[in-house]
Amino acid sequence: MASSPALITNLVDGLRGRGALRANPADLLAAVAGLGPADQAAVVAAGAVPPLVQMLRSGDVAVQCAAYRALRNVFAGNAARTEAVAAAGSIPLLLHIVRDSGSVDSQVAAADCLAFLSSLSSTASAFLAAGAVPAFVQCMRSPGPPLQGAALTHCTSSQRSRAALRPSRPQAA
């Protein structure tokens with residue numbers, strides 16, 4: 001049974017507010033999108049992706065993490081929705097958080113979201129172009145095991161990422 005379109009629309013409207021209160025509708029949208037493909041499609045159709053991606057710019061860790069959860073549930077298991085989330089500008093924002101956030105929770109959540117986004121060959125090239133592999137190699141050198149694990153998951157989640165990590169071999173003369 002699909003969720004109410006009116007409920008989803010109201011939740012999406014709540015994403016456009018200001019401050020920490022945006023985390024509540026994002027968490028509820030994450031739960032709705034987690035119900036199944038019809039609900040994921042309804043959340044996307046209601047226009048949730050752009051404001052969720054905007055929430056990644058928030059300095060509030062709770063808002064960022066709620067946006068990650070919702071975005072991840074929106075695109076889980078669907079190539080077209082994964083590409084839509086990537087096309088909405090999420091990759092550079094997530095990479096910025098992974099590289100520069102002062103919060104390990106935020107970094108781990110962003111790395112986890114990136115690992116799922118990079119699983120498609122159509123989005124993997126955007127990761128490589130944005131400098132994802134060096135950013136995740138830097139994370140693997142971090143002192144925190146959660147961030148190291150999330151970075152390793154990302155770097156091994158796609159064939160292109162694995163190829164970028166391989167050391168280059170000198171050409172025979």
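At the start of helix α1, a side-chain oxygen of S4 comes to within 3.2 Å of the backbone nitrogen of A6. This detail, like those that follow, is taken from a predicted model. Helix α1 spans residues 5-15, and its buried residues are I8, L11, V12 and L15. These residues lie on the same side of α1, because the arc that they cover around the axis is only 100 degrees. An α-helix has 3.6 residues a turn, so residues three or four places apart point the same way. The cover over the buried residues of α1 includes α2 (23-33), α3 (37-45) and α4 (49-55).

Considered as a whole, the protein contains 11 helices and 0 strands, and its pattern along the sequence is accordingly written α-α-α-α-α-α-α-α-α-α-α. Of the 173 residues in the protein, 43% are buried. Among the contacts with a separation of 6 or more, 64% join residues that are 24 or more positions apart. The exposed area of the protein is about 8500 Å², of which carbon and sulfur atoms supply 58%.

Confidence varies along the chain. The average pLDDT of the protein is 79, and 78% of the residues score at least 70. The highest confidence is found in α4, at 94, whereas the lowest belongs to helix α11 (residues 159-165), with a mean of 48. Over residues 158-162 the pLDDT stays under 50, and for this stretch the model has 11 contacts beyond four places in sequence. Where pLDDT is low, the predicted coordinates should not be read in detail.

The second helix, α2, has A23, P25, A26, L29, A30, V32 and A33 as its buried residues. Their cover includes α1, α3, α4 and α5, while α2 is in turn among the elements that cover the buried residues of α1.

In the third helix, α3, the buried residues are D39, Q40 and V43. They are placed on the same side of α3 because they cover an arc of only 105 degrees around the axis. On the face of α3 turned away from this buried side are the exposed residues P37 and A45. The buried residues of α3 are covered by elements that include α1, α2, α5 (61-75) and α6 (79-100). Just after α3, G47 adopts a positive phi of about 90 degrees.

Within helix α3, Q40 can be described more closely. Q40 has a relative accessible area of 6%, and it therefore counts as buried, the limit for that class being under 20%. When neighbours within four places in sequence are left aside, the contacts of Q40 are with A33, N73, V74, F75, A76 and R81. Of these partners, A33 is itself listed among the buried residues of α2.

Further along the chain, A130 is located in the loop between α8 (121-129) and α9 (132-140). With a relative accessibility of 31%, A130 counts as partly exposed. Apart from neighbours within four places in sequence, A130 is in contact with I91, L95 and R99. I91 is 39 residues away from A130 along the chain, yet the C-alpha atoms of the two are separated by 7.6 Å.

A second pair of residues separated in sequence involves D100, which lies in helix α6. D100 is also partly exposed, with a relative accessibility of 49%. Between D100 and A135 the distance from C-alpha to C-alpha is 9.8 Å, and the two are 35 residues apart in sequence.

Finally, the cysteines were considered. The structure holds 0 disulfides. C65 is buried, at a relative accessible area of 11%, and C113 is likewise buried, at 1%.

Conventions
Residues numbered from 1 in each chain as written. Predicted model: local features only at pLDDT ≥ 70, side-chain atom pairs only at ≥ 80, totals over all residues. Heavy atoms only, no water. Buried < 20%, exposed > 50% of the residue type's maximum accessible area, 1.4 Å probe, protein only. Helix = DSSP H or I, 4+ residues; strand = E, 2+ residues; numbered from the N terminus. Arc of directions from axis to C-beta. Contact = heavy atoms within 4.5 Å. Polar contact = N/O pair within 3.5 Å; in protein donor to acceptor, adjacent residues only side chain to side chain. Areas by Shrake-Rupley, 256 points an atom, 1.4 Å probe, with all protein chains shown as cover. Disulfide = S-S within 2.5 Å. pLDDT = per-residue confidence, 0-100.
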